[in-house]
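Dear colleague,

I am handing over the structure we spoke about, with the sequence and the coordinates placed just below. Please look through it first, and then read my notes beside it.

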Amino acid sequence: MAKLYINEEHKVGHIEPEVYGHFSEHLGRGIYEGIYVGEDSAIPNENGMRCDVVEALRELKVPMLRWPGGCFADEYHWKDGIGPKEKRKKMINTNWGGVLEDNSFGTHEFMELCRQLGCKNYINGNLGSGTVQEMSEWVEYLTFDGVSPMADLRAANGQEKPWTVDYFGVGNENWGCGGNMTPEHYANEYRRYQTFVRNYDAGHPIKKVCCGANVADYFWTDRVLKTCYDHGEFAHGFMDYLSLHYYVHPEGWDIKGSATDFDEEVWYKTLNKAFYMDELITRHAAVMDTYDPDKKIGMAVDEWGAWYSCEPGTNPGFLYQQNTVRDALVACITLNIFNKHCDRVKMAALAQMVNVIQSVLLTEGEKMIKTPTYHVMHMYRHHQDADLVESSLTDNDTIGVGEWLVPKLTESVSCGKDGALTITVGNLSADAEENLEIKFAKGGYRVEEAKIVAHQDMHAYNTFEQPEIVAEQDFADYEMSERGLTLTMPANSVVELRLK
Ligand code: AHR
């Protein structure tokens with residue numbers, strides 16, 4: 001029987017809420033249809049935002065939302081998306097499907113969405129094809145309180161008071177779609193552009209995100225930090241986060257693989273690739289440690305998720321995919337890894353929120369469903385703003401097919417501000433249950449909540465006709481003892497326990 005030892009006397013770090021952040025790009029039906037339907041839509045909406053989607057996202061306690069891209073960000077000219085909608089410029093979304101972008105969702109709409117969600121905003125600026133002036137004016141438009149050309153323009157567009165900007169990305173994937181730059185070139189551009197991301201609100205400085213590496217490009221991390229490093233240190237407020245992007249593609253970038261049609265080998269291959277996140281964080285963090293030993297710069301894994309071939313019959317540029325119980329396990333593995341690396345990982349964003357890649361919600365007309373990933377994010381919301389607690393597994397079998405091996409169980413444990421322990425455990429086996437004995441240093445707890453997301457069929461997913469095939473349910477297969485707890489976890493399952 002596997003054992004999970006929890007030393008709740010030892011808090012080993014703090015899990016920032018932003019680790020549970022989301023990303024939504026002007027891509028496919030992510031924003032248009034998925035979130036924003038416009039004020040005149042027959043779909044119930046508040047100021048154009050779908051009420052069903054906003055309500056479901058509020059239940060997740062979305063802490064932060066990144067927008068407008070992605071690759072779209074480095075071709076986005078923010079002035080196209082302000083002012084009367086009928087006068088806004090129309091353009092072709094060259095990155096994603098070559099469809100018409102009418103700019104009806106712009107700065108004001110994004111800020112309104114964040115207001116409705118009650119979340120922090122993360123705006124990704126255009127370094128690849130935009131000017132320093134354009135970026136600087138966007139920040140002025142958003143945050144300057146007083147008389148200035150951009151503040152006056154904002155007021156003329158109906159927003160008298162400035163907004164608060166929480167995070168600002170200075171370019172996206174500038175090693176690729178954001179300009180195909182070398183790390184030294186990007187880093188020098190970063191130095192210049194970030195200078196003009198001014199802090200007009202001294203009480204709420206904007207946190208700046210520098211473009212980090214693609215997957216295992218440790219050279220990028222090293223060179224960007226080296227080029228930004230000055231006189232033995234980073235100037236205060238120069239860089240708050242360095243990003244990292246990693247997607248799980250079971251069959252590689254070109255083929256990717258089906259979201260719903262896979263065998264047991266591909267199940268383990270996918271989960272094995274999800275575990276690769278651990279190595280990536282460890283090795284990028286080691287490079288960061290050489291320049292930033294005090295960990296003042298957070299790692300922002302601001303694009304992560306399992307990215308499969310798009311659903312047959314859908315626009316390949318829209319990246320619409322289904323979401324099975326396998327994705328619940330990908331989320332479970334990844335979020336446990338983030339929790340365990342909370343000393344360095346200070347922000348992350350699941351790609352993408354609605355209708356794109358590993359979404360938490362899917363929509364079709366007026367219908368909306370929650371995906372298995374949604375339910376995992378919902379159970380894990382208790383880890384937000386909690387302290388990571390020391391925990392470790394023993395007698396944890398290695399399972400898999402061929403070279404695609406994974407530990408049978410994955411876990412993380414945190415202690416919330418209310419003193420409650422949250423334990424999240426995944427059983428990665430495609431066909432075997434697992435008994436787990438949990439032992440506490442202190443003990444004497446009562447189970448306040450026990451939930452499970454699972455399905456005996458590893459291919460199970462929700463449809464618009466049957467939206468509850470994979471859902472969060474009460475979990476009863478556990479027994480308390482004085483110093484511990486034993487549970488039986490079915491195959492393909494994620495369990496969350498709240499103890500007080
Ligand atoms: O999330 C889809 C795309 O993946 C983003 O636009 C880009 O940043 C990444 O390559």
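What follows is an account of what was found, beginning with the strands and ending with the cysteines.

A word on the basis comes first. This is a predicted model, in which local features need pLDDT of at least 70 and side-chain atom pairs count only at pLDDT 80 or more, while totals for chains, interfaces and linings use all residues. Residues are numbered from 1 along each chain as its sequence is written, and side-chain values use heavy atoms, with hydrogens and water left out.

Strands and helices

The helices (H or I, at least four residues) and strands (E, at least two) are DSSP runs, numbered from the N terminus, and two strands are said to pair if DSSP finds at least two bridges between them. On that basis, 8 strands close into a barrel with parallel pairing, in the order β2-β5-β8-β9-β10-β11-β12-β13. The twist from one strand to the next averages 30°, where axes are lines fitted to C-alpha atoms (for helices over the stretch in contact) and angles run from 0 to 180 degrees between N-to-C directions. Within this barrel, strand β8 (residues 120-125) runs parallel to β9 and is joined to it by 4 bridges, and Ile123 has Phe168 in β9 as its bridge partner.

Two helices lie across these strands, with contact meaning heavy atoms within 4.5 Å. Helix α5 lies across β9 and β10 and runs at about 170° to β10, whereas helix α8 (residues 264-291) lies across β10, β11 (241-248), β12 (298-306) and β13 (345-351), at about 160° to β11.

Ala216 is found in the loop between β10 and α6 (218-228). Leaving aside residues up to four places away in sequence, Ala216 touches Tyr276, Leu280 and His284; the C-alpha atoms of Ala216 and Leu280 are separated by 6.2 Å, although the two residues are 64 residues apart along the chain. With a relative accessible area of 32%, Ala216 is partly exposed, on a scale where buried means under 20% relative accessible area, exposed over 50%, and partly exposed in between (1.4 Å probe, protein chains only).

Further along the chain, strands β14 (residues 361-364) and β15 (residues 367-370) run antiparallel and are joined by 4 bridges, with Leu362 standing opposite Ile369 in β15. The two strands form a hairpin with 2 residues between them, and Gly365 in the turn has a positive phi of about 55°. Helix α10 (residues 372-380) is mostly covered, as 9 of its 9 residues are buried.

Aromatic residues

Rings of Phe, Tyr and Trp (its six-membered ring) pair if their centres lie within 6.5 Å; planes under 30 degrees apart count as stacked, over 60 as edge-to-face and the rest as tilted. The structure holds 25 aromatic pairs. One of them joins Phe72 and Tyr76 in a tilted arrangement, 5.4 Å centre to centre with 35° between the planes, and both Phe72 and Tyr76 are buried. Another is edge-to-face, because the rings of Phe144 and Tyr200 have their centres 5.0 Å apart and their planes at 85°. Phe144 lies in the loop between α3 (132-143) and α4 (149-156) and Tyr200 in the loop between α5 (183-195) and β10 (207-214), so this pair ties together parts that are 56 residues apart in sequence.

Charged groups also meet rings, a charge being over a ring if NZ of Lys or CZ of Arg is within 6 Å of the ring centre and within 35 degrees of the ring normal. The charged end of Arg29 sits over the ring of Tyr320, 5.0 Å from its centre, and that of Lys256 over the ring of Trp253, 3.9 Å from its centre.

Cysteines

A disulfide is taken as a pair of cysteine sulfur atoms within 2.5 Å, and a search of the whole structure finds 1. It is formed by Cys71 and Cys177, whose sulfur atoms are 2.2 Å apart; the torsion about the S-S bond is about -90°, so the disulfide is left-handed. Cys71, in the loop between β5 (64-67) and β6 (91-93), is thereby linked to Cys177, in the loop between β9 (167-170) and α5, 106 residues away. Cys71 is buried at 14% relative accessible area, while Cys177 is partly exposed at 36%.

With best regards
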